[in-house]
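Work through the exercises below with the sequence and the structure side by side. Try each task before reading its solution.

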Amino acid sequence: KVVAQSKTVSGPAADDFSLAAQIVRHDVTHLQCTPSMMRMIAMNDEARFALSRVKHLFLGGEALPGALVADLGKATDATVTNMYGPTETTIWSSTEPALAGDGVVNIGLPIANTQLYVLNHDLNALPPGYAGELCIGGESLAKGYLNRPDLTAEKFADNPFETGARLYRTGDKAKFLPDGNVVFMGRL
């Protein structure tokens with residue numbers, strides 16, 4: 001007489017390499033991606049369920065809609081951090097704890113050794129509430145573009161606030177709030 005025994009499966013199948021399976025298999029606690037990728041993840045039922053295991057989500061590379069943060073709050077208790085920064089500043093320049101709401105999540109405050117400036121066309125500082133070009137200074141700035149001195153001269157400027165330092169002109173429109181946080185307002 002042959003007796004079949006049932007096996008208890010405690011994780012994804014060995015040949016399942018979906019994002020949901022990877023989160024479960026590797027007990028992922030921190031996940032970083034773009035908001036559009038997170039939207040795709042949240043649209044998949046298995047991946048959405050797997051997000052409930054994640055503790056910290058870091059979203060950047062695009063504007064982060066507050067509506068996406070609200071939707072994620074239904075799937076996970078993870079903290080959500082908005083991260084802003086162009087490649088020319090070694091990726092991230094500022095962060096902001098993301099809260100659900102209308103519109104786009106603020107880009108927040110600069111990270112260590114980074115300065116954010118909102119400037120007019122002549123690189124003069126604008127007061128809080130006035131929109132201008134977001135410029136970034138600090139230790140993480142690239143030296144420029146390889147074999148592109150013309151583009152380097154256009155996008156990297158002398159920092160008028162620190163002798164011998166440079167700024168990266170992002171081409172992004174932004175403004176400071178009275179508390180020092182920065183609001184992304186689109187491209188110039």
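**Exercise 1. Two sides of a helix**

Task: Find which residues of helix α2 (residues 35–43) are buried, and state which residues on the other side are exposed.

Solution. The model is a predicted one.
Step 1: The buried residues of α2 are P35, M38, I41 and A42. They lie on the same side of α2, because the arc they cover around the axis is only 110°.
Step 2: On the other side of α2, the exposed residues are M40 and M43.
Step 3: Look for what covers the buried residues of α2. The cover includes α1 (19–25), α3 (45–51) and α4, together with the strands β1 (30–33) and β2 (56–60).
Step 4: Place the helix against the strands. α2 lies across β1 and β2, and runs at about 120° to β1.

**Exercise 2. The order of the strands**

Task: In what order do the 5 strands of the open sheet lie, and which are the edge strands?

Solution.
Step 1: The order is β1-β2-β3-β4-β5, and the pairing is mixed. The edge strands, β1 and β5, each pair on one side only.
Step 2: Take the pairs in turn. β1 and β2 are parallel and share 4 bridges; in this pair, Q32 stands opposite F58 of β2.
Step 3: β2 and strand β3 (residues 79–84) also run parallel, joined by 5 bridges. Here H56 stands opposite T79, and F58 has T81 as its bridge partner in β3. Between these two strands the chain passes through α4, and this β-α-β crossover from β2 to β3 is right-handed.
Step 4: β3 and β4 run antiparallel, with 4 bridges between them. N82 has E96 of β4 as its bridge partner.

**Exercise 3. Covered and uncovered faces**

Task: Which residues of β1 form its covered face, and which its uncovered one? How many residues of β3 are buried?

Solution.
Step 1: Start from a general rule. Side chains in a regular strand alternate between the two faces of the sheet.
Step 2: In β1, L31 and C33 form the covered face, while H30 and Q32 form the uncovered one.
Step 3: Turn to β3. This strand is mostly covered, with 5 of its 6 residues buried.

**Exercise 4. A charged-looking letter in a helix**

Task: Is D71 buried or exposed, and which side chain does its own side chain join in a polar contact?

Solution.
Step 1: D71 is in helix α4 (residues 66–75).
Step 2: The relative accessible area of D71 is 16%. Buried means under 20%, so D71 is buried.
Step 3: The side chains of D71 and R48 are joined by a polar contact of 3.1 Å.
Step 4: Beyond its neighbours within four places in sequence, D71 is in contact with R39, A42 and R48. A42 is also one of the buried residues of α2.

**Exercise 5. A residue in a loop**

Task: Where is V105 placed, and is V105 buried or exposed?

Solution.
Step 1: V105 is in the loop between β4 (94–97) and β5 (109–110).
Step 2: V105 has a relative accessibility of 8%, so this residue counts as buried.
Step 3: List the contacts of V105, leaving aside neighbours within four places in sequence. They are L64, P65, G66, V69, N82, E96, A98 and L99. Two of these, N82 and E96, are the bridge partners from Exercise 2.
Step 4: Compare the two kinds of distance. V105 and G129 are 24 residues apart in sequence, and their C-alpha atoms are 16 Å apart in space.

Technical notes. Residues are numbered from 1 along each chain as its sequence is written. This is a predicted model: local features need pLDDT of at least 70, side-chain atom pairs count only at pLDDT 80 or more; totals for chains, interfaces and linings use all residues. Side-chain values use heavy atoms; hydrogens and water are left out. Buried means under 20% relative accessible area, exposed over 50%, partly exposed in between (1.4 Å probe, protein chains only). A polar contact is a pair of N or O atoms within 3.5 Å; within protein, one must be able to donate a hydrogen and the other to accept it, and residues adjacent in sequence count only if both atoms are side-chain atoms. Contact means heavy atoms within 4.5 Å. The arc is that of the directions from the helix axis to the C-beta atoms. Two strands pair if DSSP finds at least two bridges between them. Axes are lines fitted to C-alpha atoms, for helices over the stretch in contact, and angles run from 0 to 180 degrees between N-to-C directions. A crossover is right-handed if, with the strands pointing away from the viewer, the path from the first strand over the helix to the second runs clockwise.
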